[in-house]
Amino acid sequence: MTRSLEELASPFLKGLIPYSPGKPIEEVEREFGISHSVKLASNENPLGPSPLALQALSAALSGIHRYPDGSGYLLTHALARHWEVPPECVVLGNGSNELLELVGRAFLMPGDEVVYARQAFIVYDMVAQVTGATKVTVPLRDFTHDLDAMRAAITPRTKLVYLANPNNPTGTAVPPRGLEAFLQGVPQDVVVALDEAYYEYLPPDLRPDALRFVRQGRFLLVLRTFSKIYGLAGLRIGYGIGPAPLVALLNRLREPFNTNCLAQVAAAAALQDAEHVQQSAAVNEAGRRYLLEQCGALGLRVVPSVANFLLADVGRPGPAVANALLPHGVIVRPVAGYGLPTHVRITVGTAVENERCVAALRAVLGK
Ligand SMILES: Cc1ncc(COP(=O)(O)O)c(C=O)c1O
């Protein structure tokens with residue numbers, strides 16, 4: 001009897017549902033024969049990349065026949081200076097997504113427990129699934145991480161906790177003091193992966209000082225990305241900051257050339273472009289207010305967000321509403337897979353994109 005591919009595959013692959021990304025603009029335009037669509041489905045920066053990153057990219061293009069610097073020396077050191085940590089505490093990833101996976105693969109084995117919120121970034125669940133670890137999911141409270149319940153869910157078998165702040169898909173953040181108390185209270189021998197993909201969108205008074213715990217040597221990996229406010233999602237570059245021994249473990253496991261040379265130089269340039277970051281945050285703030293107000297006027301309940309997207313309850317099946325918006329050239333994200341069947345997630349766009357979105361929502365919802 002020959003074995004089928006399904007039988008040959010790791011049993012942990014059974015039941016693994018592939019990640020479903022936001023629909024690409026080209027696909028929607030081909031399908032509906034339209035143009036000028038707006039994609040508000042993947043929490044990208046609608047202003048595009050930093051001009052400094054674009055300049056650095058053009059200068060680096062002629063060198064792409066060489067392998068990248070596997071250690072990402074220049075970017076690692078730039079990040080270390082930026083965050084005032086030793087370079088040994090910085091690890092680069094092919095997007096922060098890769099680091100979320102690496103930290104899972106580094107620590108989780110069948111029988112280990114991994115704690116995360118039930119409605120948190122779906123990749124945590126996928127990593128738990130492929131490592132064969134036991135999933136311990138904790139419901140959100142008021143669309144926000146319930147840190148007390150998460151602390152209570154930690155047992156002697158827990159090895160890893162994933163926590164997104166701000167959270168995706170809800171856009172909520174926990175108070176900095178609460179998060180710091182949580183990090184203080186987690187047992188010393190449990191690793192926390194604190195996913196701060198949307199950190200730069202937080203107003204300063206909502207930014208926790210998690211790096212303090214890294215400097216103390218806690219088993220904490222703070223994850224950040226260049227995909228969101230820095231506008232480099234297509235290049236795939238993110239980073240983690242953790243105590244040197246934790247970073248060394250991840251470096252042992254990662255591919256030798258996991259981040260490419262263009263991503264490295266663009267990220268280093270974008271990091272210096274404070275003006276682009278500031279402008280992106282300001283456009284986001286205005287757009288978020290506008291969308292919040294307009295969705296309210298359409299009678300939708302919207303979760304108060306501190307990120308670059310909003311979770312709106314459309315009061316009917318979210319996937320159907322997202323599909324109905326497509327012929328209007330508006331791409332938003334259904335989130336039924338997160339157990340939110342009547343919500344959609346809308347990325348804050350430019351003023352024009354936000355207006356397009358509201359007009360299309362009004363038409364689709366018949367308001
Ligand atoms: C909470 C969260 N973490 C991580 C990521 C992954 O980002 P990237 O791999 O592009 O850095 C995302 C992307 O949407 C996210 O929402």
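**How much space lies in the largest cavity?**

Before we start, this is a predicted model, where local features need pLDDT of at least 70, side-chain atom pairs count only at pLDDT 80 or more, and totals for chains, interfaces and linings use all residues. Residues are numbered from 1 along each chain as its sequence is written, and side-chain values use heavy atoms, with hydrogens and water left out.

**Exercise 1. Find the volume and the lining of the largest cavity**.

Step 1. Get the term straight: a cavity is a set of points on a 1 Å grid over the protein atoms alone where a 1.4 Å probe fits but cannot get out, and lining residues have an atom within 4 Å of a point.

Step 2. Read off the volume, meaning the space filled by probe spheres set on the points, with grid points joined across faces, edges and corners. The largest cavity holds about 60 Å³.

Step 3. Look at the walls: Leu 183, Val 186, Pro 187, Gln 188, Val 190, Val 192, Arg 218, Phe 219 and Leu 220 line the largest cavity.

Step 4. Sort them. Ala, Val, Leu, Ile, Met, Phe, Trp, Tyr, Cys and Pro count as nonpolar, Asp, Glu, Lys and Arg as charged, and the others, Gly among them, as polar. That gives 7 nonpolar, 1 polar and 1 charged residues.

**Exercise 2. Describe the second largest cavity**.

Step 1. Its space is about 40 Å³.

Step 2. Its lining includes Asn 45, Tyr 201 and Gly 349, and divides into 4 nonpolar, 5 polar and no charged residues.

**Exercise 3. Work out the order of the strands in the sheet, and its edges**.

Step 1. Strands (E, at least two residues) and helices (H or I, at least four) are DSSP runs, numbered from the N terminus; two strands pair if DSSP finds at least two bridges between them.

Step 2. The open sheet has 7 strands in the order E2-E8-E7-E6-E5-E3-E4, with mixed pairing.

Step 3. E2 (90-93) and E4 (134-138) each have a single partner strand, so one side of each lacks a neighbour in the sheet.

**Exercise 4. Is E8 buried or exposed on its two faces?**

Step 1. Buried means under 20% relative accessible area, exposed over 50%, and partly exposed in between (1.4 Å probe, protein chains only).

Step 2. Gly 238 and Gly 240 on one side, and Tyr 239 and Ile 241 on the other, are all buried, so to speak covering both faces.

Step 3. Check the partners: E8 pairs antiparallel with E2 over 4 bridges, and 4 bridges also join E7 to E8, again antiparallel.

Conventions
On a 1 Å grid over the protein atoms alone, a cavity is a set of points where a 1.4 Å probe fits but cannot get out, and a pocket is an open set with protein on both sides within 12 Å along at least five of seven lines; lining residues have an atom within 4 Å of a point.
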